[in-house]
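Here is a note for a colleague who is opening this structure without having seen it before. The points below can be read in order, with the model in view.

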Amino acid sequence: MRSPLPPDWRTQNRALRRVYAKYMTWLERFGYVVVALVIGGFVYAFTYAVDETVSADKVKLELAGEPAVFDTPVHVVDTLVDDFGPVKRGQPVFTYTTSSQGAPQVFVAPSDGIFKMSAKPGPDGIVPPGQAVGTVYDPNRIVCKASLAGPSVARATESGELRVSNIVVEPSAGVVLRQSTSGGTVVSSQLLGQDLVKSATAALKGYDLKLRDDQPFAPGDVTELSVEAVGGSVSSARAVDPRAGLTCRAKVLSGRAQAVAQVADLPPDLSAKLREAVAQEMSRQGLQAPDDMRFVLKLKGVPDNGSGTAVPATALTRTFDIDAELVGPPEELLGAVRRALMAGKSVTAKVELKTGSRPLATILLKKS
């Protein structure tokens, strides 16, 4: 029987034919493995779920506090405890007078903690209504406020899982120490202070700054200083920054959906009312209203049950604003926040709220 294939359908080279005969089985197996991996990856992409989150960066972490706020102007007469001094519940903290009662009164601490005075006593110590005179802070609780945003912000709820990470301590005097020791690398933004900055500024006096292809400059005040150190002991561990990669859990105390929207396609009745309002305003000023007017509104959105007439709008900003508290914060973070409060600096972090999950394949397809 004559073969339908041409005689040169396979190589006539005997060396190549011997190679094919010897390794063809392994080539087939390799092909089977590649196909299996492709199919497995395809199935994995549709079964592996990736968390969706909304987040905010540089969120300030603070100690939970109870501020002393009054409904009337308050004159602070005297303070009875030092700033950042410990107080007990019911302990007298400061004396004050109000416009309605001239006799000095005593404010007592509403809870245990540390007290920080916001107003200065004396003739100028007048505090307007609604403004904090001072605050009693709980040294063992950390809270934060954040405006979370992201593609899945519409599904954000108070019950979602909340994570706090990327913790950054603001240097108390612009000085950061990185010390490599036998126990690991130590980073501190609060150990070395203003004295070192002053010493560096004084040491540079008498020198000139030589900038490339530029005129000479005299050194001024040092604003930031980084110290890279090797060896030594981990002394003053009380001022060590939280370790890199530290992640804490938090719980949402309250959450509010917020939106800023733009409306350009107005219903006819609403457009007519606005045209009438413009005509009346211009008439009061002795002007004639234009014949044709188009309106674009920018406004805040308030959560609603959606029972009213729908008006097409475009979201300019959409956030989920939360008040949250960290769950069991470690002592290294509590210490950093306490020291930042005393130095008038801040500790910031990234806050993420889980809104759900979806297959990896849908995310890849969306990005492609």
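1. A convenient place to begin is Leu-162, which stands opposite Leu-353 in β16. The two strands concerned, β9 and β16, pair in the antiparallel sense over six bridges. Please keep in mind from the start that this is a predicted model.

2. Strand β16, which covers residues 347–359, is also joined to strand β1, residues 49–67, by eleven bridges, and these two strands run antiparallel. As one point of reference along that pairing, Thr-53 stands opposite Lys-354 in β16.

3. What holds the strands of a sheet to one another? Strands of a sheet pair through backbone hydrogen bonds, and they may do so in either a parallel or an antiparallel way. The next two points describe sheets in this model.

4. One open sheet is made of three strands in the order β11-β10-β12, with mixed pairing. Its edge strands are β11 (184–188) and β12 (225–230), each of which pairs on one side only, and the twist from one strand to the next averages 10 degrees. Strand β10, residues 175–181, is joined to β11 by five bridges in an antiparallel arrangement, whereas six bridges join β10 to β12, and those two run parallel. A hairpin leads from β10 to β11 through two residues. For individual positions, Arg-178 has Val-187 in β11 as its bridge partner, Leu-177 has Ser-188 in β11, and Val-176 stands opposite Ser-226 in β12. Strand β10 is mostly covered, with five of its seven residues buried.

5. A further open sheet has four strands in the order β5-β4-β2-β7, and here the pairing is antiparallel. The edges are formed by β5 (105–108) and β7 (126–127), each pairing on one side only. Between β4 and β5 there are four bridges in the antiparallel sense, and within that pairing Tyr-96 stands opposite Gln-105 in β5.

6. Is Thr-97 buried or exposed? This residue, placed in strand β4 (residues 92–98), has a relative accessible area of 13% and is therefore buried, since buried means under 20%. When residues up to four places away in sequence are not counted, Thr-97 touches Pro-73, Val-74, His-75, Val-77, Gly-102, Ala-103 and Pro-104.

7. Glu-158 deserves a separate look, and it lies in the loop between β8 (134–148) and β9 (162–169). Its relative accessibility is 42%, so Glu-158 counts as partly exposed. Leaving aside neighbours within four places in sequence, Glu-158 is in contact with Val-252, Ser-254, Gly-255 and Phe-320. With one of these residues there is a specific approach to inspect, in which the side chain of Glu-158 reaches the backbone nitrogen of Gly-255 at 2.9 Å. The C-alpha atoms of Glu-158 and Arg-318, which are 160 residues apart along the chain, are separated by 16 Å.

8. Two helices can be checked for their length. Helix α3 (residues 268–284) has 17 residues and should therefore span 24 Å at 1.5 Å a residue, and the distance of 24 Å between its end C-alpha atoms agrees with this. Helix α4 (residues 331–343) has 13 residues and should span 18 Å by the 1.5 Å rule, which agrees with its end C-alpha atoms being 18 Å apart.

9. What is the sign of phi at Gly-286, which follows α3? The phi of Gly-286 is positive, near 75 degrees. Helix α4, in turn, is followed by Gly-344, whose phi is positive and near 75 degrees. Within α4, the buried residues include Leu-333, Leu-334, Gly-335, Ala-336, Val-337, Ala-340 and Leu-341.

10. Finally, a reader who is looking for disulfides should know that the structure holds zero of them. Why is Cys-144 not bonded to the closest cysteine? The sulfur of Cys-144 is 11 Å from the closest cysteine sulfur, that of Cys-248, and this is too far for a bond, given that a disulfide requires sulfur atoms within 2.5 Å. Taken from the other side, the closest cysteine sulfur to that of Cys-248 is in Cys-144. Cys-144 counts as buried because its relative accessibility is 3%, and Cys-248 is buried as well, with a relative accessible area of 6%.

Technical notes: Residues are numbered from 1 along each chain as its sequence is written. This is a predicted model: local features need pLDDT of at least 70, side-chain atom pairs count only at pLDDT 80 or more; totals for chains, interfaces and linings use all residues. Side-chain values use heavy atoms; hydrogens and water are left out. Two strands pair if DSSP finds at least two bridges between them. Axes are lines fitted to C-alpha atoms, for helices over the stretch in contact, and angles run from 0 to 180 degrees between N-to-C directions. Buried means under 20% relative accessible area, exposed over 50%, partly exposed in between (1.4 Å probe, protein chains only). Contact means heavy atoms within 4.5 Å. A polar contact is a pair of N or O atoms within 3.5 Å; within protein, one must be able to donate a hydrogen and the other to accept it, and residues adjacent in sequence count only if both atoms are side-chain atoms. The expected span of a helix is 1.5 Å times one less than its number of residues.
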